[in-house]
Amino acid sequence: MVDQREQYQKEALLKRLDDVRRRIDDARERRGGDAPVELVAVSKTHPVEAIKVLYDAGIRSFGESYVQEWQDKAQALPDDIDWHFVGRLQSNKARFVADSVALIHSVDRKSVAKALNRRSDEKVNVLLQVNLALQDTKGGVAAEKLPQLFDLVSRYEGLRVRGLMGMPPYADDPEDNRIYFRRLRKALSDLQDYVERKYPERREILSELSMGMSNDFEVAVEEGATIVRLGTILFGKRVYDD
Ligand SMILES: *Cc1c(COP(=O)(O)O)cnc(C)c1O
């Protein structure tokens, strides 16, 4: 049993956040350049009170995986939070997130894109999910299928593809995941080339690389992540999980 009072204690949360921020900065320095890295605090399964502590410390991006849970939390929290939907999306629930989420990380098929599409001035920002190690348990398409998926998704005027998301297999040694992060970066640059040729007006918006979780984010940042998705290292263990 995880002791929740200790896990979500304010001082403990702030110390972990401080630590994570420093480690992201160090990894950014190692990769050179000063491109920013967005920290998305993946708060699925964790309580509103813990989210509020990180919010008060300046975090505005939070990630959720379950539509109902996200809706309940969003209602109880300030409305200047940028919610990121990182979980698998079902077409029948997609319209709920389309309206009020800053970025959807997990578009990998036409039915979901179609369900997210809506007519409004503000487009829905999405990432295409890549299945980096071709695992049955994970969503996403093979990197080679990205041009096809882009063609399908870009037909929907209400969506704007901003980049790619990928999740390597769990590895005890984060170095083992470096090849997957490189693969995702290469997939983005190949897709940029493809889009530049086929849809010249869309090129500049395809720039996000959402990669790196609690066990491997430093390697991901070294390899060019623009967004890291961190849950356990900030909030502690999840009591239930996908
Ligand atoms: C839960 C989840 C995370 C956070 O994972 P941690 O290992 O706890 O950091 C990141 N990305 C996705 C897609 C997730 O579902």
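Reader: Which residues surround the ligand?

Author: A residue is counted as near the ligand if one of its heavy atoms lies within 4 Å of it, and in this predicted model the ligand is surrounded by Val-42, Lys-44, Ser-65, Val-86, Met-167, Met-213, Ser-214, Arg-229, Leu-230, Gly-231, Thr-232 and Arg-238. Residues are numbered from 1 along each chain as its sequence is written, and side-chain values use heavy atoms, without hydrogens and water. Local features need pLDDT of at least 70 and side-chain atom pairs count only at pLDDT 80 or more, while totals for chains, interfaces and linings use all residues.

Reader: Where does the ligand have an N or O atom of Ser-214, Arg-229 or Gly-231 beside it?

Author: A polar contact is a pair of N or O atoms within 3.5 Å. A side-chain N or O atom of Ser-214 is 2.6 Å from an oxygen atom of the ligand, a polar side-chain atom of Arg-229 is 2.8 Å from a ligand nitrogen atom, and a backbone N or O atom of Gly-231 lies 2.8 Å from a ligand oxygen atom.

Reader: What is the largest nonpolar core?

Author: In soluble globular proteins, nonpolar side chains tend to be buried together. A nonpolar core is a set of buried (under 20% relative accessible area, 1.4 Å probe, protein chains only) Ala, Val, Leu, Ile, Met, Phe, Trp, Tyr and Cys residues joined through side-chain atoms within 4.5 Å. Here the largest has 68 residues, and Phe-62, Leu-128 and Phe-235 are among those with the most contacts inside it. A second, separate core of seven residues includes Val-40, Leu-103, Met-165 and Ile-227.

Terms used: Buried means under 20% relative accessible area, exposed over 50%, partly exposed in between (1.4 Å probe, protein chains only). A polar contact is a pair of N or O atoms within 3.5 Å; within protein, one must be able to donate a hydrogen and the other to accept it, and residues adjacent in sequence count only if both atoms are side-chain atoms.
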